[in-house]
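Me: Hi! Could you walk me through this structure? I'd like to start with the ligand.

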Amino acid sequence: MAEKTLFEKIVAREIPADIVYQDDLVTAFRDINPQAPTHVLIVTNEPIPTAADVEPQHEPALGRLFTVARKVAEQEGLENGYRLIVNCKDDAHQEVYHLHVHLLGGRPLGPLLAR
Ligand code: 5GP
């Protein structure tokens, strides 16, 4: 069996994280190195390595990532808006190969990319 990803261990509560939401398909927890006042990672419970690996059978979990992003954004009081980011592989600087959405907010975030 393949070794569990870091985020699978968080989902299974084998290593600690500040989990703000969990259901049968996804788990949301605070990033260990926050880039904004709110920085939550929302991960699929079943590991999908990257956005380049998604298949039709993943659609329920992928849809849930968005409804949970909305729920967490409301919990966090992000009425002024927020940013959802998915990094895919090396050029996007993906560090953890377990698909996740970054939910960032709580301050003006500026343009998407550094110039
Ligand atoms: P990526 O670059 O793969 O899109 O994002 C990975 C994110 O995971 C980074 O923002 C990083 O700070 C976060 N991260 C890495 N290790 C841990 C950890 O052990 N716990 C938590 N909560 N976040 C982590």
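**Around the ligand**

Reply: Happy to! The ligand is surrounded by 16 residues (each with a heavy atom within 4 Å of it), and the closest are R30, D31, E95, H100 and H102. This is a predicted model, where local features need pLDDT of at least 70, side-chain atom pairs count only at pLDDT 80 or more, and totals for chains, interfaces and linings use all residues. Residues are numbered from 1 along each chain as its sequence is written, and side-chain values use heavy atoms, with hydrogens and water left out.

Me: How far is an oxygen atom of the ligand from an N or O atom in the side chain of D31?

Reply: That distance is 2.5 Å. For the side chain of H102, a ligand oxygen is 2.8 Å from an N or O atom, and for N87 the value is 2.9 Å.

Me: Which class has what share of the shell around the ligand?

Reply: The shell divides into seven nonpolar, six polar and three charged residues. Here Ala, Val, Leu, Ile, Met, Phe, Trp, Tyr, Cys and Pro count as nonpolar, Asp, Glu, Lys and Arg as charged, and the others, Gly among them, as polar.

Me: New topic: what volume does the largest pocket have?

Reply: About 870 Å³. Of the 32 residues that line this pocket, D31, Q35, H39, N87 and H102 are the closest to its centre. A pocket is an open set of points on a 1 Å grid over the protein atoms alone, where a 1.4 Å probe fits, with protein on both sides within 12 Å along at least five of seven lines; lining residues have an atom within 4 Å of a point.

Me: And which classes line the largest pocket?

Reply: Its lining has 18 nonpolar, eight polar and six charged residues.

Definitions and conventions: Polar contact = N/O pair within 3.5 Å; in protein donor to acceptor, adjacent residues only side chain to side chain. Points joined across faces, edges and corners; volume = space filled by probe spheres on them.
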